[in-house]
Protein chains: 2
Amino acid sequence: MDGVKAQAVVPNVAAGARGVADALSLHPNGRMFDRFLRACRGEPTDVTPVWFMRQAGRYMPEYRALRERYTLLEICKAPELALTVTLQPLRLGVDAAILFADILLPLEPMGAPFEFARGEGPVVHHPIRSAADVARLQVFEPEEGLGYVLEALRLIRRELDGKTPLIGFAGAPFTIASYLIEGGKSSQYQLTKQMMWSEPAVWHELMTKVSEVVRRYLRAQVTAGAQAVQLFDSWVGALSPADYRRHVLPHVRHILADLETTGVPVIHFGTNTATLLEAQREAGGTVLGVDWRIPLDEAWARIGYGTPIQGNMDPLLLLAPKEMAVARAREILAEAAGRPGHIFNLGHGIVPETPVETVQAVVAAVHGES
Amino acid sequence: MDGVKAQAVVPNVAAGARGVADALSLHPNGRMFDRFLRACRGEPTDVTPVWFMRQAGRYMPEYRALRERYTLLEICKAPELALTVTLQPLRLGVDAAILFADILLPLEPMGAPFEFARGEGPVVHHPIRSAADVARLQVFEPEEGLGYVLEALRLIRRELDGKTPLIGFAGAPFTIASYLIEGGKSSQYQLTKQMMWSEPAVWHELMTKVSEVVRRYLRAQVTAGAQAVQLFDSWVGALSPADYRRHVLPHVRHILADLETTGVPVIHFGTNTATLLEAQREAGGTVLGVDWRIPLDEAWARIGYGTPIQGNMDPLLLLAPKEMAVARAREILAEAAGRPGHIFNLGHGIVPETPVETVQAVVAAVHGES
C-alpha cells in the first residue's frame, strides 16, 4: 500500500533526481519534508506521516535528565529549554515537532495560578465557581501574558529551518474550564456540569472569556511560526451530544472560525468522542483527532472522507511487546486503507513507562520501513 | 404518547375493572406491576418503566442514617440490613428494586480481600499481577462464598411479594479484572491492558476464572429469586472494539449464554460504549444499557430496534434545577419515541449530592404524571 502511494506521488526518488525531489519538498535524505502538512490538507503523501502526542516527555532519557534540574513549568518558561525538549523526539523520525508547553499555561495570566503538585497533577489555587470568580479572570494579550511561549515558537521554527513542520497547541474551552472549575483533573466533571446546567449565564461568561483567550493565543502562535495548531479538547467526551451542541460548540467555533482565516491547518482533538464527531466537525478544524475507541473507517463514515483524520493507537499499546505494537500500527494503517488525509498518532499522550525502542519501531512501521 | 400507549394496552383501567386489571398484572393502585419486566422483553407497557442505578444510597436520608451505624460491607453482609436498604427507594415510585450489594463482593471468596478506604474507593490488599496470583484465585460456590447475598435476595423477594420486580447484579469480567489487577479504581487501566496484551495466557486464565465466578453467582441469584439481572461492565469503554472482541467478548458470552437458558432478562450495561454496542449485543443479554453519550435513537439504529435499551440520563443532571432535570427526562422519552422496550434509567449511578425531590420529579415525569 505505502509502496503504491510512494510510487504514484514520488516517481523519481529511487533515481535520486534532485530537481524533482526539491519540487516535491524532499529532504536530501529522501524524506518528504511536509508530508504532515500535506496530509492535514488531505493531499497524497509518499508514506503516512506520524507524530505522537506528548512525544517529548518522561519516556525519553534526555528529557528525564533535564527534568532532574528543572521543573516542567521552568522548562516551559525558558524558551531555550523548551526548544531543546521540543527537538528531542525528532531523533525518532517523526514527521512533525510539537511545541513543548502545557495546556494550562494560560491560567496564570488569566489570574488563576496553578502548580503541579507531586503525583497529583495540576492544582488550581483558587478554583472558579461563581460569577465574581469569572469576573476577575483576565482576557490577556498573548505577547504580554505568554510571551515566553511565542518566543520559544520563534526559536524552534528558526532551528527547524523548514525541515520539520512545527505544531502549536492550546487547550479547548471545555477542557480548560473543567480545570478552572474543578481545581484540577476530575473523574466526573461534577462541578463543571453543575455550573453549565445550573448557572448557564456564569458558564457562558466563563466559556466566552476562555475561548477568546484561546483564540488570541493560537492566532499569536501562528504569527510566531506555528505551521499547524492542535486544539486539545481532551475531556469533552464527558458530555452528551446535546450538551456539547448547547454549551460548548459555539465557543469552539469562535476559535476555529477565526483560525480558518490564517490558512494553517487546525487539528481538532478529543477523546471519547464517538458520538460527538459530527458536532465537532461543525465546530470547525481541518483535521479531526480521534482515539482508539473509534475505528478510523467508522470515524470517516460518520464525518465524510473529505475530512482528514489523526489517530488513533491506544498509547498503552506502546507498553505491549514491540512486535504487537507494530502489528497494531499496521492494522490502523489498514483501516485507513491508504486514503490521503491520515496522520498517524496515538489516541492520547505517550505514558512515561513507554520504551523508546517501541516508539521507534512504530514510526518505522508507519513509514513502511521494516 | 404515554396516554396513547396506556389506552392501547390497558383499556379498562379508568373503569376500574378488577378482572381485567388482574389479567394485566395491575396493582390495586392502578400501577402495572411488571412494566419493567415487560419492557425488558420488548413488550408494550402502560408507561415507560424507570429505576435508577444506585437508587439506594447516600443521597437518601434513611440510608445515611443507617450508614452512621454500619459500614457499606456490614450492610451487604447482613441480609436484614440489605433488605431494608433495598426497599428504601421504593417510596420514590420506581418500577424495580435492585439488590443492595457491591460488584466487588466476589473478590473476598475468590481469595482477594479488599476494603473501602475512606475517600479512596476500594483497595485490593494484594493485587493480581502474575500467573501465580491468578492460580491462587478460587472459583467458589456462591452458596458458600456469597450465601449472605443469596439469603438477602430470598428475603427481599418474599418481602416484595410480587408487587415490584427484583433485580440482581454482578460486575462483568473486564470490570472486575481491572479492580483485581490495578488494586482499585483506575483512570487509564494501564496494568490491566499491559496484562491483556503482554501476558495473554495469564489474562485469559484470570478472565476465565472471573467469568465462571460471575456465571455461577448470577445463576444462583436467579435461583434465589432475582427476576432480572444486570451485568455491570462499567469500565469496558476503555477498550477499542478490536480489543473488546479479542480479549473480553468470549468471557462475557460464557456468562450470558448460560443465563439465557434461565429465561430471566439480562441487562448488559457499560459506559463509554458507543463503538462497542454491536459487539456487546453479540456477547449477549436481553437489554443493552447505555450512557448519556449515546442518544437512544442512535443506539437503536446501531443494534436494531428489536433489542430493548436501558438509559440514559446523565446522573449529574439530577443536580441541575428540578425543572431542567424533568425537561431532559422528557427529551429522552422523546428520543425513545414511545417504542416498546425502553427502560428509563441514568447512564451511571446516582451521586450522593442528588436531591431526593429531583429524583421523585423525574420518576413522575417518566410516568407521565405531571
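1. In this predicted model, the two copies meet through the same surface, because 100% of the interface residues of chain A are also interface residues in chain B. The contact involves 24 residues of chain A and 24 residues of chain B.

2. As to the make-up of this interface, helix α12 (residues 190–198) of chain A supplies the largest share of the side of chain A that touches chain B, namely five residues. Sorted by class, that side of chain A holds 13 nonpolar, seven polar and four charged residues.

3. The symmetry of the pair may be stated next. A turn of 180 degrees, with a shift of 0.0 Å along the axis, lays chain A on chain B with an RMSD of 0.0 Å. The two copies are therefore related as by a two-fold rotation axis. Within chain A, the C-alpha nearest this axis belongs to A:A274 and lies 3.1 Å from it.

4. Chain B contains an open sheet of seven strands with parallel pairing, in the order β1-β4-β5-β6-β7-β8-β9. Its edge strands are β1 (97–98) and β9 (342–346) of chain B, each of which pairs on one side only. Helix α18 (residues 322–336) of chain B packs on the sheet, where it touches β8 (309–313) and β9 of chain B. The direction of α18 makes about 145 degrees with that of β8(B).

5. Within the sheet, one pairing can be described at the level of residues. Strand β4 (residues 166–171) of chain B runs parallel to strand β5 (residues 228–233) of chain B, and five bridges join the two. In this pairing, B:I167 stands opposite B:A228 in β5(B).

6. Which residues of helix α17 (residues 296–303) of chain A are buried? They are A:L296, A:A299 and A:W300. These residues are on the same side of α17(A), because the arc they cover around the axis is only 95 degrees.

7. The cover over the buried residues of α17(A) draws on both helices and strands of chain A. The helices include α16 (277–283) and α18 (322–336) of chain A, while the strands include β7 (287–289), β8 (309–313) and β9 (342–346) of chain A.

8. A backbone detail follows this helix. A:G304, just after α17(A), takes a positive phi of about 95 degrees.

Conventions: Residues numbered from 1 in each chain as written. Chains lettered and ligands numbered in written order. Predicted model: local features only at pLDDT ≥ 70, side-chain atom pairs only at ≥ 80, totals over all residues. Buried ≥ 20, exposed ≤ 12 C-beta atoms within 10 Å, placed from the backbone. Helix = DSSP H or I, 4+ residues; strand = E, 2+ residues; numbered from the N terminus. Arc of directions from axis to C-beta. Contact = placed C-beta atoms within 7 Å. Pairing = 2+ DSSP bridges. Axes fitted to C-alpha atoms, helices over the stretch in contact; angles between N-to-C directions. Least-squares fit on C-alpha atoms with pLDDT ≥ 70 in both. Nonpolar A, V, L, I, M, F, W, Y, C, P; charged D, E, K, R; others polar.
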